[in-house]
Amino acid sequence: MDTTMDGMVIPAHVALILDGNGRWAKKRGLPRSFGHKEGCVTVEKTVEIAARMGIRYLTVYGFSTENWKRSEEEVSGLMQLFRYYMVRLLKTAKENNVRVLMIGERSRFAPDIIEGIGRLVEETKENTGLTFTIAVNYGGRDEITRAVQKIARDCLEQKLSPEQITEETVASYLDTAGIPDPDLLIRTSGELRLSNYLLWQLAYTEIYVTDCLWPDFNREELEKAIIAYNRRERRFGGAKA
């Protein structure tokens, strides 16, 4: 881990639940779509801030498997925003040496969005700075279910035996294979739940909740979370880290 912020330990991997876009807009008498748009601007800024602070991995909850249940109008607006944002993100990634990854089940998206995701991943794969992972059409239970299905298929095809299956084996079948588990989870807007996010990966993650609505999130809020993280004693299985 890099050390900046006057000797503070910077977590290598920060995960974010971006909550409060709708409430941010409602407080201002604006449509929810304005909140989502402003939230995307905040994501861009946060990627740049995290990269400069020395965070190595940043993972955000962009669109969950449950988000499809929202109104058709809101989902359609989110898809349009996603199209626009992917173009912006490619520029931001190139300017900041950021590698972009996507986790989740892509097949439900329109072909042009799937193509855009592929382009983002392909054109940034050689970048050596921050790894920015976006969870889209993602749910923790869905991810684990898909991993179990893959493991079962490999057992049937005798590529794997049940006795060989360890925690490391399961982790290697998840969408996040090759990415270290988050050190710190930040959830905005004060909600105290995981919302089906990274259920396997967050087993030993420190959790920080702020009442700040996502569009208002900034460097100061990120620093507050890191300061709180530094005040905690990291323990794994009872042993002090």
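Guide: Welcome! A cavity here is a set of points where a 1.4 Å probe fits but cannot get out. In this predicted model, one cavity of 30 Å³ or more turns up.

Visitor: How much space lies in the largest cavity?

Guide: The largest cavity holds about 60 Å³.

Visitor: What makes a residue part of the lining of the largest cavity, and which residues are they?

Guide: A lining residue has an atom within 4 Å of a point. For the largest cavity, those residues are His13, Thr59, Ile103, Thr133, Thr176, Ile179, Pro180, Asp181, Pro182, Leu198 and Gln201. By class, they come to five nonpolar, five polar and one charged.

Visitor: And the pockets: what makes a pocket something other than a cavity?

Guide: A pocket is an open set of points, whereas from a cavity the probe cannot get out. The largest pocket has a volume of about 770 Å³. Its lining counts 32 residues, and Leu18, Tyr61, Gly62, Phe63 and Asn67 are the closest to its centre. Helix H1 (21-27), helix H2 (32-53), E4, H3 and E6 each give at least two residues to that lining, which divides into 16 nonpolar, nine polar and seven charged.

Visitor: Which residues lie nearest the centre of the second largest pocket?

Guide: Those are Glu167, Ala171, Asp181, Trp200 and Gln201, out of 13 lining residues. The second largest pocket has about 250 Å³ of space, and its lining has seven nonpolar, three polar and three charged residues.

Visitor: Let us turn to the sheet. Why do strand E5 and strand E8 count as edges?

Guide: The sheet is open, with six strands in the order E5-E6-E4-E3-E7-E8 and parallel pairing. Strand E5 (99-103) and strand E8 (206-209) each have a single partner strand, so one side of each is left without a neighbour in the sheet. From one strand to the next, the twist averages 20°.

Visitor: How do you know that strand E4 and strand E6 pair?

Guide: Pairing asks for at least two bridges. Strand E4 (residues 57-64) and strand E6 (residues 131-138) share seven bridges in the parallel sense, so they count as a pair. Across from Tyr138 in E6 stands Ser64.

Visitor: Why is H3 called roughly parallel to H4?

Guide: Helix H3 (residues 72-95) packs against helix H4 (residues 111-124) at an angle of about 10°. Angles under 35 degrees count as roughly parallel, so H3 earns that description relative to H4. Their axes are 10 Å apart.

Visitor: What residues in H3 and H4 meet?

Guide: On the H3 side they are Met79, Phe82, Arg83, Met86, Leu89, Leu90, Ala93 and Lys94, and on the H4 side Asp112, Ile113, Gly116, Ile117, Arg119, Leu120, Glu123 and Thr124. The residues of this contact split into nine nonpolar, two polar and five charged.

Methods
Residues numbered from 1 in each chain as written. Predicted model: local features only at pLDDT ≥ 70, side-chain atom pairs only at ≥ 80, totals over all residues. Heavy atoms only, no water. 1 Å grid on protein atoms, 1.4 Å probe; cavity = no way out; pocket = protein on both sides within 12 Å on 5 of 7 lines; lining within 4 Å. Points joined across faces, edges and corners; volume = space filled by probe spheres on them. Nonpolar A, V, L, I, M, F, W, Y, C, P; charged D, E, K, R; others polar. Helix = DSSP H or I, 4+ residues; strand = E, 2+ residues; numbered from the N terminus. Axes fitted to C-alpha atoms, helices over the stretch in contact; angles between N-to-C directions. Parallel < 35°, antiparallel > 145°, perpendicular 65-115°, else oblique. Contact = heavy atoms within 4.5 Å.
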